[in-house]
Amino acid sequence: MGPALGVVVAGQITAAAVTLYDQLDRLALAPPGSNPANVFRCEIAAANGTRQFVSTTSVGLFTEGAITALGLEVTDFGFVSAGGTYFCAFTPTSTQPLSPYTIKFFINLGSGFVQIGSAGGEADQKDNYTLTVIAAATDIAATTATIGPSPVAAGATVPINIIPRDSFLNPQDYIVNDVDVFTVSFVGPANLSATELAGNLVRVRDDAGFSTFQATLTPTVAGVYSGSVRLVAAAGTTRIVGLPLSLTVLAGDPVAAKTVVSGQGISTAEAGRPAQVVVAMRDEYDNAVKLKGTAVVTIRFNNTLDASITFPGDGVPRALVWDTTVLAFVIDYTTTVAGDFAAEVRISPKTGDAATLVSIAGYTQTTVTPGEIDVRSTTATGAGVGNASLVAGERTTF
């Protein structure tokens with residue numbers, strides 16, 4: 001009899017009592033002055049068979065004073081006969097997989113301890129009693145929250161898991177406790193609130209009945225985020241759970257449609273002088289791609305009037321070079337052919353990807369103007385040039 005023969009919350013003291021009778025069903029009174037521990041004993045074994053409590057917290061002769069001193073109620077034990085009743089008290093702290101526990105009672109009649117219910121041998125199974133231990137209230141110091149993996153690419157789905165535990169590290173079963181309410185928030189390049197938490201912290205129970213709160217986050221802005229998990233307590237107060245969560249979001253693969261082309265050399269150039277074109281990669285969420293990876297960027301200029309005129313002059317697109325200073329692809333070119341040209345910028349985001357034409361925002365054409373006059377290359381022709389004679393008074397062209 002007693003509260004130990006049933007269900008108890010982890011960390012709470014509990015006890016079981018046994019009343020001894022002789023063969024004539026008379027109350028077997030304790031020998032005067034005898035040590036109860038030499039007469040009565042109980043053993044608690046875990047569900048996996050390991051012995052948890054060979055020596056219990058306390059063993060004694062059942063009295064109202066002894067029971068109330070443990071913080072227990074005498075009425076929890078039902079009808080108890082004074083003088084011949086012994087109790088054992090203990091404080092279990094572990095739930096599953098150790099729980100439920102098996103409790104066995106032993107009595108020493110002078111020739112050693114024998115399990116109650118046996119005749120010197122093994123007791124019947126009915127003489128073994130069980131105790132189920134359930135989780136205590138959730139403890140924020142024992143509760144864990146994880147996010148990961150990190151870093152991730154923008155647009156990737158990131159799992160968040162919160163495992164509520166009591167102060168004895170038991171996963172929460174919510175058998176006697178109200179279901180907890182958690183909130184998650186992040187600060188960083190973009191504010192990520194509950195609206196970005198797909199599923200909004202859904203409670204999931206495993207086969208053992210333990211709970212995990214799960215959600216997913218899909219950040220699209222690159223950068224470093226710091227998150228906090230809070231347990232909402234009574235009256236709306238909150239307490240931070242565990243250490244801050246950290247998440248690093250990197251730009252995804254470059255996308256041709258988001259690529260930005262700039263530089264003076266994309267719109268105008270002067271024959272014979274260097275001009276520069278810069279191509280900055282962006283992912284599908286407009287994040288700057290700051291690592292070259294395996295991307296390849298090429299450029300070619302085609303004359304708008306004569307398709308046979310291109311530069312570079314061999315008509316083969318030229319690859320831009322990754323510049324670690326500006327974190328973009330750069331090309332410095334020099335052309336000697338003036339005229340109007342159409343630039344073709346193509347990007348292959350990854351090895352094996354086809355080269356995709358980049359649409360240049362606001363682009364119309366590239367105008368190459370003639371360079372400075374070079375007297376060494378200047379020529380003069382006409383009737384008035386050379387040794388031809390001129391007639392006074394007549395107009396001559398050269």
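A search of the whole structure finds one disulfide, a disulfide being a pair of cysteine sulfur atoms within 2.5 Å. Before selecting it, note that this is a predicted model, in which local features need pLDDT of at least 70 and side-chain atom pairs count only at pLDDT 80 or more, while totals for chains, interfaces and linings use all residues. Residues are numbered from 1 along each chain as its sequence is written, and side-chain values use heavy atoms, with hydrogens and water left out.

**Stop 1: the disulfide**

Select Cys 42 and Cys 88, whose sulfur atoms are 2.2 Å apart. The torsion about their S-S bond is about 125 degrees, so the disulfide is right-handed. The pair links distant parts of the chain, with Cys 42 in strand 3 and Cys 88 in strand 6 (residues 85-90), 46 residues apart; strands here (E, at least two residues), like helices (H or I, at least four), are DSSP runs numbered from the N terminus. Both cysteines are buried, where buried means under 20% relative accessible area, exposed over 50% and partly exposed in between, using a 1.4 Å probe and protein chains only.

**Stop 2: aromatic rings around strand 3**

Stay with strand 3 and show the aromatic side chains; a search of the whole structure finds eleven aromatic pairs. Rings of Phe, Tyr and Trp (its six-membered ring) pair if their centres lie within 6.5 Å, and planes under 30 degrees apart count as stacked, over 60 as edge-to-face and the rest as tilted. Select Phe 40 and Phe 105, whose ring centres are 6.0 Å apart with planes at 15 degrees, so the pair is stacked. This pair also links distant parts of the chain, since Phe 40 is in strand 3 (residues 40-45) and Phe 105 in strand 7 (residues 101-108), 65 residues apart. Phe 40 counts as buried at 0% relative accessibility, and Phe 105 counts as buried at 4%. Adding Tyr 86 and Tyr 129 to the selection shows a cluster that ring pairs link together with Phe 40 and Phe 105.

Next select Arg 41, whose charged end sits over the ring of Phe 106, 4.9 Å from its centre, and also over the ring of Phe 113, 4.9 Å from its centre. A charge is taken to sit over a ring if NZ of Lys or CZ of Arg is within 6 Å of the ring centre and within 35 degrees of the ring normal.

Moving along the chain, Ala 46 lies in the loop between strand 3 and strand 4 and is buried, with a relative accessible area of 5%. Its C-alpha atom is separated by 4.6 Å from that of Tyr 101, 55 residues apart along the chain.

**Stop 3: a four-stranded sheet and its neighbouring loops**

Select strands 11, 17, 16 and 13, which form an open sheet in that order with mixed pairing; two strands pair if DSSP finds at least two bridges between them. The edge strands are strand 11 (152-153) and strand 13 (181-187), each of which pairs on one side only. Strand 16 (residues 223-232) and strand 17 (residues 238-250) pair in the antiparallel sense over nine bridges, and the bridge partner of Val 224 in strand 17 is Thr 248.

In the loop between strand 10 (144-147) and strand 11, find Pro 151, which a cis peptide bond joins to Ser 150, with omega about 5 degrees. In the loop between strand 12 (158-163) and strand 13, select Tyr 174, where phi is near 55 degrees, a positive value in a residue other than glycine.

**Stop 4: strand 20 and the largest nonpolar core**

Finally, colour the chain by pLDDT, the predictor's confidence in each residue from 0 to 100; the mean of the chain is 84. Among the elements of the chain, strand 4 (residues 51-53) has the lowest mean pLDDT (71) and strand 20 the highest (96). Five of the six residues of strand 20 (residues 275-280) are buried, so this strand is largely enclosed by the rest of the structure. Strand 20 runs antiparallel to strand 18 (residues 260-262), joined by three bridges, and antiparallel to strand 25 (residues 328-333), joined by five bridges.

The largest nonpolar core has 27 residues, and those with the most contacts inside it include Val 277, Val 279 and Phe 329. A nonpolar core is a set of buried Ala, Val, Leu, Ile, Met, Phe, Trp, Tyr and Cys residues joined through side-chain atoms within 4.5 Å. The largest share of this core, four residues, comes from strand 26.
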